[in-house]
Amino acid sequence: MSERKILILGGTGEGMALATALAARPDCHVISSLAGRVANPKLPPGEVRIGGFGGPLGLADYLRANGIAAIIDATHPFARRMGWNAAEAAVQAGVKLLRFARPAWVPQSGDRWIEVDDWDGAVAVLQQDAKRVFLALGRQELAPFTVLKDIAFVIRSVEAPDAGLAFAQAEVVLARGPFKFEDEHALLQSRAIDHLVCKNSGGSATDGKLQAARELGITVVMQRRPARPDVPQVSNIDAALAWVQSL
Ligand code: NAP
């Protein structure tokens with residue numbers, strides 16, 4: 001069987017898992033593409049390229065020049081641009097495209113979610129009656145919340161927030177997931193949190209905070225996933241591998 005070149009748009013656990021599975025197959029030549037945002041990224045098996053393509057036209061050129069048979073877009077659900085670039089480039093270059101993403105979280109019985117499209121929407125919600133707020137966000141996403149001077153924030157992020165951010169009242173908790181339900185429950189309860197702000201990343205590594213919020217009656221201000229182009233989509237690796245098999 002001839003070797004097919006598969007381009008994975010990665011930067012996620014899904015991209016890593018897929019590259020690992022495909023790199024072991026003799027009928028596939030897998031190329032993982034990373035945006036290059038992280039200084040020392042963990043590299044997936046197989047070929048890896050790093051950096052942007054130069055928009056959809058640049059990606060289409062890359063697909064043609066490298067004889068790519070198919071693209072799997074495994075970028076993060078909150079990567080706003082790349083999925084659209086991939087859809088446009090795939091049409092231009094006549095290459096098949098699959099979206100592979102973990103399912104979004106959906107509210108369950110007992111949840112008190114308020115969904116917003118962006119952080120300005122979250123600020124508007126918090127302005128109404130929030131007093132003690134847990135921000136489970138990236139350090140680059142905090143600035144919009146600094147206008148809320150009457151709210152006591154607990155900020156959890158992987159890296160320390162910029163010291164110049166003008167929060168009136170903020171405690172910083174530096175931590176990297178996965179987070180266990182028991183620990184999330186203890187943290188939210190000990191800080192008497194009334195609102196939790198996060199993005200709908202999906203997956204099990206960070207959903208403990210949602211279970212804890214449900215039990216504690218905490219309102220969750222959830223940023224919805226951005227819109228994606230209408231392309232074939234799978235949410236587990238077996239389905240992604242079956243799609244590759246069908247090419
Ligand atoms: P984005 O808004 O969708 O993409 C912005 C630009 O970055 C794209 O136009 C493209 O540049 C380049 N790019 C993005 N993903 C790429 C990839 N896999 N390979 C090569 N170039 C890529 O994405 P983002 O939010 O900046 O995220 C960048 C990367 O970090 C993504 O790969 C994503 O999976 C990962 N990530 C993002 C988040 C998040 O919350 N946004 C979280 C975890 C991981 P050109 O137009 O020049 O091709």
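Helices and strands are taken here as DSSP runs, helices of at least four residues and strands of at least two, numbered from the N terminus. In these terms Thr75 is found in the loop between strand E4, residues 70-73, and helix H3, and the model in which this loop is described is a predicted one.

With a relative accessibility of 8%, Thr75 counts as buried, because buried means under 20% relative accessible area. The side chain of Thr75 makes a polar contact with the side chain of Asp73, at 2.6 Å, while the backbone oxygen of Thr75 lies 2.8 Å from a polar atom of the side chain of Arg99. When neighbours within four places in sequence are left aside, Thr75 is in contact with Leu9, Gly10, Thr12, Met82, Arg99 and Arg228.

Arg99, the partner of the backbone oxygen of Thr75, is found in strand E5, which covers residues 96-100. Arg99 has a relative accessible area of 4% and is therefore buried, the limit for this class being under 20%. Apart from residues up to four places away in sequence, Arg99 touches Asp73, Ala74, Thr75, His76 and Pro77, as well as Arg228, Val231, Pro232, Gln233 and Val234. Asp73 thus appears among the residues touched by Arg99 and also as the side-chain partner of Thr75, and Arg228 is listed among the contacts of Thr75 as well as among those of Arg99.

Helix H3, which follows the loop holding Thr75, spans residues 82-93 and includes Gln92. Gln92 is partly exposed, because its relative accessible area of 36% falls in between the limits of 20% and 50%. Although Gln92 and Leu59 are 33 residues apart in sequence, their C-alpha atoms are 9.6 Å apart in space. Beyond its neighbours within four places in sequence, Gln92 is in contact with Leu57, Ala60 and Arg64.

Two pairs of packed helices were also examined. Two packed helices are described by the angle between their axes and the distance between the axes. Helix H1, residues 13-23, packs against helix H7, residues 237-245, at an angle of about 45°, and the axes of the two helices are 11 Å apart. H1 and H7 are therefore oblique to each other, and H1 passes H7 in a right-handed crossing. On the side of H1 the contact involves Ala17, Leu18, Ala21 and Leu22, which meet Ile237, Ala240, Leu241 and Val244 of H7. By class, the residues of this contact comprise eight nonpolar, no polar and no charged.

In the second pair, the axes of H5 and H6 come within 8 Å and cross at roughly 50°, so that H5 and H6 are likewise described as oblique to each other. H5 passes H6 in a right-handed crossing. The contact is made by Phe181, Glu184, His185, Leu188 and Gln189 of H5 together with Gly208, Lys209, Gln211, Ala212, Ala213, Glu215 and Leu216 of H6. The residues of the contact of H5 with H6 divide into five nonpolar, four polar and three charged.

Helix H6 itself, residues 208-216, has Gly208, Lys209, Leu210, Ala212 and Ala213 as its buried residues. These buried residues pack against helix H5 (181-190) and against strands E6 (113-116), E7 (132-136), E8 (152-157), E10 (195-199) and E11 (219-223). H6 is followed by Gly217, and the phi of Gly217 is positive, near 70°.

Note on methods. Residues are numbered from 1 along each chain as its sequence is written. This is a predicted model: local features need pLDDT of at least 70, side-chain atom pairs count only at pLDDT 80 or more; totals for chains, interfaces and linings use all residues. Side-chain values use heavy atoms; hydrogens and water are left out. Axes are lines fitted to C-alpha atoms, for helices over the stretch in contact, and angles run from 0 to 180 degrees between N-to-C directions. Angles under 35 degrees count as roughly parallel, over 145 as roughly antiparallel, 65 to 115 as roughly perpendicular and the rest as oblique. A crossing is left-handed if the near helix is turned anticlockwise from the far one by less than a right angle, and right-handed if clockwise. Contact means heavy atoms within 4.5 Å. Ala, Val, Leu, Ile, Met, Phe, Trp, Tyr, Cys and Pro count as nonpolar, Asp, Glu, Lys and Arg as charged, and the others, Gly among them, as polar. Buried means under 20% relative accessible area, exposed over 50%, partly exposed in between (1.4 Å probe, protein chains only). A polar contact is a pair of N or O atoms within 3.5 Å; within protein, one must be able to donate a hydrogen and the other to accept it, and residues adjacent in sequence count only if both atoms are side-chain atoms.
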